[in-house]
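Let's explore a protein model together, one question at a time. Have a look at the structure first, and then we'll work through some answers.

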Amino acid sequence: MAFAAVSEVKLRETLSNRDLPMILNETPGVYATQGGGGTGDSRINIRGFDQRNVAVLINGVPVNDMENGNVFWSNWDLGDVTRSLQVQRGLSASKIAVPSVGGTINVLTKGFDDKKSVLARVETGSNNYQKYSLMLSSGQLKGDWAFTVYGSRRTSDGWVDKAFDDAYTYFGTISKRAGKHSLSLTGLGSPQRHGQRSFASQVAVYSDEKAREIGARPIVNGNRGFQYNPYWGTLDRFSVDASGQKVSKGAEVLNERTNFYHKPQVNFNDLWQVNDKLFVSTVLYASYGTGGGSSGLTSGNSTTLPLNNATGQTDFQKIYNDNMGFGTIANPTRKATAFLINSVNSHRWYGFVVGGDYLLNDKLTLSAGLDGRNYTGLHYREVRDLLGANFATNNGDRNAAPNTQLHVGDKLGYNYDGKTNWLGGYSQLEYKTPLLSAVLSATLSQVAYKRIDYFLQRNADGKPVETEWTRFNGYSVKAGANYNISEHDNIFANIGYNSKVPFFNLLYTNAGRKYDNVKPEGISSAEIGYGITYPSLKVSLNAYYTLWANKTTTSFSSATGEAVYSNVRNVNARHAGVELSVAQEISRRVQLNAAIALGDWRWTGQGLLNQTREDGSPVNPSLIDQPVYLNGNHVGDAAQNQFQIGLRYEPFRGAYIRPSFLLFTKYYADFNPETILDPATSTDSYRLPTSRNFDLHMGYEFKPVINEKVRLALKGSVLNVFNEFYFTDVSNRSNSNTGSPDLLQAFFNRGRTFTVGLSATL
């Protein structure tokens with residue numbers, strides 16, 4: 001298979017203060033960006049498939065959101081406790097029934113470490129970045145016990161304006177070998193808050209130069225810089241004295257968009273070597289996530305708050321003045337004209353993974369197992385901050401009578417639970433000889449969805465309205481083989497099919513309406529590859545072809561002035577490409593790594609479009625299941641071609657220098673479905689300019705001190721050394737594929753930043 005692993009050494013030397021996925025850009029076929037720029041808001045694509053369709057595991061336990069497949073990297077800060085980051089591209093070979101399409105990422109954390117150690121580290125860098133961490137590993141103790149504990153504190157102003165970062169991280173694992181069992185209990189979590197830049201802006205808002213580069217016109221009050229973030233402002237929460245005069249309390253900085261979340265996860269593992277032929281692995285896990293994100297809401301039920309034209313920031317002062325009755329409108333009751341809300345997305349998740357490997361003979365191994373999950377997502381909006389008003393009303397709230405007064409903590413808009421039950425099984429037969437190895441695997445899963453709505457009309461018994469369970473059956477089959485042509489050459493091939501069940505969020509609207517005729521999605525994939533392996537040289541070349549049938553996509557647009565959510569289903573996508581990776585040890589002091597990926601990803605056929613407003617009502621009730629003509633258009637949202645080259649050079653003992661150059665090209669904007677309803681006028685998405693980036697990492701490990709027991713190490717990273725800016729993410733919130741670059745909305749990479757860290761290991 002197409003497989004890569006990032007070692008612990010490389011992680012320590014090159015991750016810097018980035019989110020974990022960013023280091024994977026040096027893997028062929030991977031495109032990772034930092035999204036809007038908030039810490040933990042990164043996203044990753046593999047072979048053109050976004051992270052909703054990439055299985056992400058931590059120690060073999062799935063962590064993709066059970067309702068929409070998303071991965072929220074702010075939930076973990078695992079860079080310091082990861083011992084290996086494994087990436088498998090293509091249909092999953094994992095021994096659980098994961099619904100991956102693009103590939104699988106498995107984060108392996110520290111466990112039964114044989115070496116006793118204490119590690120303390122302090123880091124600082126651009127944008128007031130500060131991080132302090134401490135890790136203690138016991139090594140193997142008497143009675144075959146071992147433990148590792150880790151804690152860190154991280155703060156930053158953020159490279160995007162007011163995208164602050166405030167996070168703690170804890171990690172602990174305790175292990176015990178008992179006869180033929182290896183037992184471990186692991187707990188981890190990162191309670192955090194960070195400011196966000198939720199949506200992209202027109203290119204000219206950031207830079208006149210970049211606007212001219214793509215042929216777009218400058219705009220009034222534009223050219224604000226790449227770090228520009230409209231989702232904050234200043235506010236004086238003045239009071240009013242007995243004479244009706246304002247009493248200032250001073251200006252405060254207030255974020256409109258923030259994320260706050262804590263997702264502790266606990267895993268219990270039992271690895272049991274029953275005998276020479278049978279091995280059994282058992283994992284029990286639980287996750288209890290709490291939190292969500294904040295945004296604004298107007299009395300007209302829009303999440304777009306007014307901006308101050310002069311500053312370009314959220315005009316909190318105008319909102320506060322209007323709410324207090326000192327604005328341009330009469331407001332004797334101090335009813336909120338706009339206010340802040342929390343969109344809460346908590347969950348309760350319990351699961352198990354049980355599997356076994358049985359050696360039938362010296363050539364055949366039979367594997368089988370079960371994967372069970374029970375998930376409940378709790379979703380609602382609540383009033384966060386009335387911004388000086390006495391109360392708010394929300395006309396879109398189907399639970400309250402019109403003009404019902406709402407106060408801080410009251411729920412509004414929607415309030416429902418989403419329940420998911422999952423049971424999957426896998427089986428695999430592996431044949432292995434020195435020359436030939438082959439595998440045949442299959443998975444079968446059943447997923448059941450139920451929606452409980454607390455804002456619909458109550459049943460006669462007073463209980464909330466529940467849907468019936470909706471069940472889908474999914475399955476996959478895969479066959480692969482590897483042949484060793486010689487001691488140094490091998491060829492491999494695999495073929496597979498995955499019947500993927502739709503996510504919960506693609507089955508229901510926010511208003512609880514169930515889409516008709518939702519089908520399982522079918523993914524067919526084939527791959528062939530060639531490898532060269534020498535002690536000083538490793539080369540992997542592979543080609544792949546993937547056809548995704550009945551694919552469903554969702555998008556958000558504000559091009560018409562109101563929030564419109566689009567759902568396109570039953571469309572096909574074809575992804576094909578070639579990938580090459582090279583690792584060459586030129587000498588003991590110099591190692592070279594390079595990656596090339598060339599892709600051609602296109603939509604085929606046509607899909608069906610449904611559009612809803614913020615409250616879940618259809619935009620046009622007479623236009624349901626509109627045909628969308630995508631045939632031949634490029635799949636957007638990720639660069640299809642990639643070129644990377646890097647070195648690791650040791651100029652003298654204990655020192656290293658690691659330059660890395662990365663180039664992405666053939667990047668198309670994501671499509672906007674309402675612009676391609678007529679086959680005669682269907683146009684391709686906009687193609688973005690080529691991007692390039694150069695990073696430099698370096699470090700030095702001093703000679704041991706204090707009786708040669710303490711090792712001090714200094715490391716530093718400079719990201720985007722030449723301070724060049726390029727498109728990383730292009731939104732489809734406006735008609736970006738109509739051919740008008742003036743409408744293009746985008747995010748750019750961050751400018752040159754640095755980090756420096758000092759560690760002491762005992």
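Q: How many cavities of 30 Å³ or more does the structure hold?
A: Keep in mind that this model is predicted. Rolling a probe the size of a water molecule over the atoms shows where empty space is left. With a cut-off of 30 Å³ or more, the number of cavities in the structure is 15.

Q: What is the volume of the second largest cavity?
A: Let's pick one of the cavities and look at its walls. Its lining is made of 40 residues, and helix 1 (8–14) and strand 5 (54–58) are among the elements that each supply at least two of them. The volume of this second largest cavity is about 540 Å³.

Q: How many residues in the lining of the second largest cavity are charged?
A: Asn 17, Arg 18, Asp 19, Asp 77 and Arg 154 are the lining residues that lie nearest the centre of the second largest cavity. Asp and Arg count as charged. Across the lining there are 13 nonpolar and 15 polar residues, and the charged ones number twelve.

Q: Is Gln 584 buried, partly exposed or exposed?
A: Now let's move to strand 32 (residues 564–585), where Gln 584 lies. Buried means under 20% relative accessible area, and exposed means over 50%. Because its relative accessible area is 24%, Gln 584 is partly exposed.

Q: Which residue's backbone oxygen does the side chain of Gln 584 reach at 3.2 Å?
A: Gln 584 touches several residues, including Leu 537 and Val 590. One partner sits 48 residues away along the chain, yet the two C-alpha atoms are separated by 5.7 Å. The backbone oxygen that the Gln 584 side chain reaches at 3.2 Å belongs to Ser 536.

Note on methods: Residues are numbered from 1 along each chain as its sequence is written. This is a predicted model: local features need pLDDT of at least 70, side-chain atom pairs count only at pLDDT 80 or more; totals for chains, interfaces and linings use all residues. Side-chain values use heavy atoms; hydrogens and water are left out. Helices (H or I, at least four residues) and strands (E, at least two) are DSSP runs, numbered from the N terminus. Buried means under 20% relative accessible area, exposed over 50%, partly exposed in between (1.4 Å probe, protein chains only). Contact means heavy atoms within 4.5 Å. A polar contact is a pair of N or O atoms within 3.5 Å; within protein, one must be able to donate a hydrogen and the other to accept it, and residues adjacent in sequence count only if both atoms are side-chain atoms. On a 1 Å grid over the protein atoms alone, a cavity is a set of points where a 1.4 Å probe fits but cannot get out, and a pocket is an open set with protein on both sides within 12 Å along at least five of seven lines; lining residues have an atom within 4 Å of a point. Grid points are joined across faces, edges and corners, and a volume is the space filled by probe spheres set on the points. Lists of a residue's contacts leave out its neighbours within four places in sequence.
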